[in-house]
Every structure is written in C-alpha cells, then in structure tokens.
Amino acid sequence: ITLGQWNHVVLTHLYTSSSNSTYKIYSNGILKSTLNHTGGFSWATGAGSNQPLVIGRDEFEGEYGDEMFVQDGRLVVGSLVYTGNFTPPTAPLTAITNTKLLLNMANGQVIDRAQPNNMVLYGGAKLSTGQAKFGDTSLLMSSNGDYAATAGSLTLGDGNFTVELFLRLTGSPSTGAY
C-alpha cells in the first residue's frame, strides 16, 4: 500500500473443498500475496453469536499510524470478482451479482446500498470531507479503536467471496490489523 494515496485493495477466498482454500490479496490490481490453506475454516462473522462484520481496527492492540480513510467497499459472497491481475475500477463500485454489502459513503452516510446492513460507527470513526476517491466523503478512522461494524451478523460461510475497497493511509501502522 502506498501511503498518502488511494489504494484499491482486494481479498478473495476460493473455496476448493471442506479442507482446502486459496486466499489472494491484490493491491491496485496486482496480485501481492497468495495463501493456500489446508484445514477447515469458516468465515462466518458470528456463527451462532451474531458477531458483526468489522471494517477498521480489529481486536488487536496497536495503532493505525495517523489516519485511515475507507471508501467504496463491496462484499460479494458466492463468486470471485477477480481471478488474476486487473485494472482497478475508475468509477464508484456498483452492486453486481452476489453483492451482499456495498458501501460508497454517498450523501454523507455509511449505508449499505445493496441490502439493509447499515454500519454503526465506533470510537471516533466518522464521515470526512477531507479526502474522497469518488464523490465528497469517505469513512475516517483516525485513532486506535475507531471502526465500523454491521448492526448484526453477515455470514460469509466457507464458500467463495471477494472483499474490495479503496483505502488511504497517511501513516504506517505500528502493530495490529486493519
């Protein structure tokens, strides 16, 4: 990820069997990492416990650095949107087949444009007009503990899926996950 500029980031999960999966991470259309995982795993975000899908800081201690802006997120469950290097989108993301979550921060809101999975903002997470890839606003997370989460569970299961978004970091995280 290049600091100080918008980066298109994608995570794909290719389910091949109950004990075999392939994860790929793309940055700006270029494959950066592949992980072949053996052993069962389910991406249910709360199978039985209604855990939310979280965007931003996870459960780990650490800081993001200065600021993190997120815009134009899309979750597609049941298919892979990208299977090799590609040209990143040049316009706001839209709902395509199997879209389960679409966040574009339009009209100053963090609303799922695909289904009723509006995000709840925690810590100091807020919409910002200071940076935007498309339109006028993005989601700003500027300190440790800022994140957005769905109001309820959003099950990914153990099948194919693609998560993508535009991310802009102004500093390198010291530790933690985002």
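The points below concern a predicted model and go from the chain as a whole to single residues.

1. Overall make-up. The chain contains zero helices and eleven strands, so that its order along the sequence reads β-β-β-β-β-β-β-β-β-β-β. The chain has 178 residues, and 39% of them count as buried. Its accessible surface comes to about 8700 Å², and carbon and sulfur atoms contribute 49% of that area. Among the contacts in the chain with a separation of 6 or more, 64% are between residues 24 or more positions apart.

2. Strand E11. This strand, residues 161-169, is largely enclosed by the rest of the structure, because eight of its nine residues are buried. On the one hand E11 pairs with strand E1, residues 7-17, in the antiparallel sense and over seven bridges; on the other hand E11 pairs with strand E5, residues 68-77, again in the antiparallel sense, over eight bridges. For a reader who wishes to find these pairings in the model, Leu11 stands opposite Val163 of E11, and Arg74 stands opposite Glu164 of E11.

3. Strands E5 and E6. Strand E5, which is paired with E11, is also joined to E6 by four bridges, and E5 and E6 run antiparallel. One pair to inspect here is Gly73 with its bridge partner Leu103, which belongs to E6. Strand E6 spans residues 99-103 and is mostly covered, with four of its five residues buried.

4. Asp72, its setting. Asp72 has its place in strand E5, and it counts as buried because its relative accessibility is 1%, where the limit for that class is under 20%. The residue has no salt bridge despite being buried, and the nearest side chain of opposite charge, that of Arg74, is 7.8 Å away. Since a salt bridge requires a distance within 4 Å, a separation of 7.8 Å from Arg74 does not qualify. A polar atom of the Asp72 side chain does, however, lie 2.5 Å from the backbone nitrogen of Leu93.

5. Asp72, its neighbours and backbone. When residues up to four places away in sequence are not counted, Asp72 touches Ala91, Pro92, Leu93, Leu103, Asn104, Phe134, Glu164, Leu165 and Phe166. One of these residues, Leu103, is the bridge partner of Gly73 in E6, while Glu164, also touched by Asp72, is the residue of E11 that Arg74 stands opposite. The backbone of Asp72 deserves a look as well, for its phi is positive, at about 60°, although the residue is not a glycine.

6. Asn98. A positive phi is found in Asn98 too, where the value is near 75° and the residue is again other than glycine. Asn98 is found in the loop between E5 and E6, and its relative accessible area of 31% places it in the partly exposed class.

7. His13. What do the side chains around His13 in strand E1 offer it in the way of polar contacts? The side chain of His13 makes one such contact, of 3.0 Å, with the side chain of Ser21, and another, of 3.5 Å, with the side chain of Tyr23. His13 counts as buried, since its relative accessibility is 0%.

8. Gly123. This glycine lies in the loop between strand E7, residues 119-122, and E8, and it counts as exposed because its relative accessibility is 68%. Leaving aside neighbours within four places in sequence, Gly123 is in contact with Gly145 and Asp146. The C-alpha atoms of Gly123 and Ala148 are separated by 8.9 Å, the two residues being 25 residues apart along the chain.

9. Gly130. A further glycine, Gly130, is located in the loop between strand E8, residues 126-128, and strand E9, residues 138-141. Is Gly130 buried or exposed? Its relative accessible area is 56%, and therefore Gly130 is exposed. Between the C-alpha atoms of Gly130 and Phe69 the separation is 9.4 Å, while along the chain these residues are 61 residues apart.

Definitions and conventions: Residues are numbered from 1 along each chain as its sequence is written. This is a predicted model: local features need pLDDT of at least 70, side-chain atom pairs count only at pLDDT 80 or more; totals for chains, interfaces and linings use all residues. Side-chain values use heavy atoms; hydrogens and water are left out. Helices (H or I, at least four residues) and strands (E, at least two) are DSSP runs, numbered from the N terminus. Buried means under 20% relative accessible area, exposed over 50%, partly exposed in between (1.4 Å probe, protein chains only). Contact means heavy atoms within 4.5 Å. Accessible areas come from the Shrake-Rupley method with a 1.4 Å probe; for residues, only the protein chains shown count as cover. Two strands pair if DSSP finds at least two bridges between them. A polar contact is a pair of N or O atoms within 3.5 Å; within protein, one must be able to donate a hydrogen and the other to accept it, and residues adjacent in sequence count only if both atoms are side-chain atoms. Lys and Arg count as positive and Asp and Glu as negative; His and the chain ends are not counted.
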